[in-house]
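Have your viewer open and your selection tool ready. We will walk through this structure one stop at a time.

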Amino acid sequence: MNVIDLRSDTVTQPTPAMRDAMLRAPVGDDVYGEDPTVNALQQRLADELGFEAGLFVPSGTQSNLLALISHCARGDEYLVGMDAHAYKYEGGGAAVLGSIQPQPIMHAADGTLPLDDIERAIKPVDAHFARSRLLCLENTWHGRPLPLEYFAQARALCDRRGLSLHLDGARVYNAAVACGVPVREIAQHFDSVSVCLSKGLGAPVGSVLLGTQALIETAARWRKVCGGGMRQAGILAAGALHALDHHVARLADDHARAARLANGLRDAGITVTAQHTNMVFIDVPVERLPALKQQMDAAGIRLSIGYTPLVRLVTHLDVDDEGVERTVTAFQQFSSRAA
Ligand SMILES: *Cc1c(COP(=O)(O)O)cnc(C)c1O
């Protein structure tokens, strides 16, 4: 029985065509800036998102970290969502390695950070306070694309208050596909954007940070300091370029399957708390979680239980229609056993 892994969209296997592209990639030493495939990837994303330059890095965590420590200096602070990845799930890296203080803001239900709350959290210029320097947003947030009109409002606030604006766009392509806009329409409001190639896009490794030439030069220095300078990384960049050519439009398939999965789970009597793009969140009573895990293990289905809020199911490149059906069937059995 093949396993259906719905824990995350990070679990995808490179397709045979992607492996072939990786095998054939021309490479060089990227620490010298001489890997043609890495350079092509950085240029491709910079052009597509409307930035001067890009930097290929090993992970989204490092990409966000480099953005934060390039925008902010020691004693500065960044404003960020209380549940944002760049605050909560990255080991406190900006504080640990950058001496930067986070100022968490509670998310509204739609994933935005209320502008009034941001405004109130910005510190006066006074020796008592850290210097508020940067606002960091996340899109998609728990799979949810933030409303497009919010970005212009956040940009205007940042311009008025002298903040830079960073987007953790780990899944910004999911957002663009779901909103039916070119990714540039989202990216245009930001001073820097981090894009993950290893999530729904299905590349094995890597993220790209985008920004001005000056910001990217600073980030490249910090990348080396963090041990993220890779050598013939074009092998990895080739997988990412292949993903950008072949795996963007198909994100709509993942979104449609997540919607079908959510409907199937509702019909099976499961409480679906949210479904956006490729993510489904369900609420299962805590005392039933061990039974859920046991049932899903037996059915060859893996879920993310009790780590992210509630239970999360994520569709991706390696989940097909049959995988959705098998999951719904397993949940029907889970529900009927409780009845
Ligand atoms: C996965 C993720 C990251 C970090 O990416 P890694 O490559 O896992 O380090 C950052 N932000 C968001 C929103 C993510 O989902």
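Before the first stop, two terms: helices and strands here are DSSP runs, a helix having at least four residues and a strand at least two, and they are numbered from the N terminus. A residue counts as near a molecule if one of its heavy atoms lies within 4 Å of it. Keep in mind that you are looking at a predicted model.

**Stop 1: the ligand shell**

Select helix α3, residues 60-71, which gives the most to the shell around the ligand, with 3 residues. Now add the whole shell: S59, G60, T61, N64, H85, E90, E138, D168, A170, R171, C196 and K199. Colour these residues by class and you will find 5 charged, 5 polar and 2 nonpolar ones.

**Stop 2: contacts with the ligand**

Which side chains should you zoom in on? Start with D168, where a side-chain N or O atom is 2.6 Å from a nitrogen atom of the ligand. Next, look at H85: an N or O atom of this side chain is 3.5 Å from a ligand nitrogen. Then turn to R171, which has a polar side-chain atom 2.9 Å from an oxygen atom of the ligand. On its own, the ligand has 370 Å² of accessible area, and the protein covers 83% of that.

**Stop 3: a cavity**

Rolling a probe the size of a water molecule over the atoms shows where empty space is left. How many cavities of 30 Å³ or more does the structure hold? There is 1, and the volume of the largest cavity is about 40 Å³. To see its walls, select G81, A84, H107, G111, L113, C136, L137, E138 and L146. Strand β5, residues 131-138, gives the most to this lining, with 3 residues. By class, the lining has 5 nonpolar, 3 polar and 1 charged residues. You have met E138 before: it is in the ligand shell and also lines the cavity.

**Stop 4: two backbone surprises**

Most residues other than glycine have a negative phi, and most peptide bonds are trans. Go to N139 and T140, which are joined by a cis peptide bond with omega of about 0°. T140 sits in the loop between β5 and α7 (148-161). Now jump to S99, in the loop between α5 (93-98) and β4 (101-105). S99 is not a glycine, yet its phi is positive, about 55°.

**Stop 5: the wider view**

Finally, select residues 5-284, which an unreviewed UniProt entry annotates as "domain: Aromatic amino acid beta-eliminating lyase/threonine aldolase". This span is 43% helix and 19% strand, and its end C-alpha atoms lie 19 Å apart.

Technical notes:
Residues numbered from 1 in each chain as written. Predicted model: local features only at pLDDT ≥ 70, side-chain atom pairs only at ≥ 80, totals over all residues. Heavy atoms only, no water. 1 Å grid on protein atoms, 1.4 Å probe; cavity = no way out; pocket = protein on both sides within 12 Å on 5 of 7 lines; lining within 4 Å. Points joined across faces, edges and corners; volume = space filled by probe spheres on them. Nonpolar A, V, L, I, M, F, W, Y, C, P; charged D, E, K, R; others polar. UniProt positions renumbered as here; feature names shortened; annotations may be inferred. Polar contact = N/O pair within 3.5 Å; in protein donor to acceptor, adjacent residues only side chain to side chain. Areas by Shrake-Rupley, 256 points an atom, 1.4 Å probe, with all protein chains shown as cover.
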